[in-house]
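Hello,

Here is the structure I promised to pass on to you. Have a look at it first, and then read my notes below.

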Amino acid sequence: MGGFVHYGVVKNDFLMLKGSVIGTRKRVITLRKSLRVPTSRKANEQINLKFIDTSSKYGHGRFQTSDEKNDYFGPLYRKMRRQEEAKDN
């Protein structure tokens, strides 16, 4: 429904990074093992991911899926027209 701002919908596997990544949009990022073993409390924090917000970040971003949006707004005129044309043929 929303995708990432200035990037769009990601259709393949993806990785969420905490913080920021320098460079231009859609830059390829090479990931490697750290040279030093992270020992800080923040590095050893166990992540419990519960929810990923997929609503649009442009506008109000009220809907998580297109089905939810269609249920709220009801059938669109162009969809009703297509269905009528399909019945006539």
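Let me start with isoleucine 52, which is partly exposed, at a relative accessible area of 36%. Here, partly exposed lies between buried (under 20% relative accessible area) and exposed (over 50%), using a 1.4 Å probe and protein chains only. Please keep in mind that this is a predicted model: local features need pLDDT of at least 70, side-chain atom pairs count only at pLDDT 80 or more, and totals for chains, interfaces and linings use all residues. Residues are numbered from 1 along each chain as its sequence is written, and side-chain values use heavy atoms, with hydrogens and water left out.

Isoleucine 52 and glutamine 64 are 12 residues apart in sequence, and their C-alpha atoms are 9.7 Å apart in space.

Next, try finding methionine 16, which is also partly exposed, with a relative accessible area of 46%.

Both residues belong to a nonpolar surface patch, together with Phe14, Ile47 and Leu49. Its members share about 530 Å² of accessible area (Shrake-Rupley method, 1.4 Å probe, only the protein chains shown counting as cover). A patch takes residues with over 30% relative accessible area and no salt bridge (a side-chain nitrogen of Lys or Arg within 4 Å of a carboxyl oxygen of Asp or Glu); nonpolar side chains (Val, Leu, Ile, Met, Phe, Trp, Tyr) are joined within 5 Å, and like charges within 9 Å.

Enjoy exploring!
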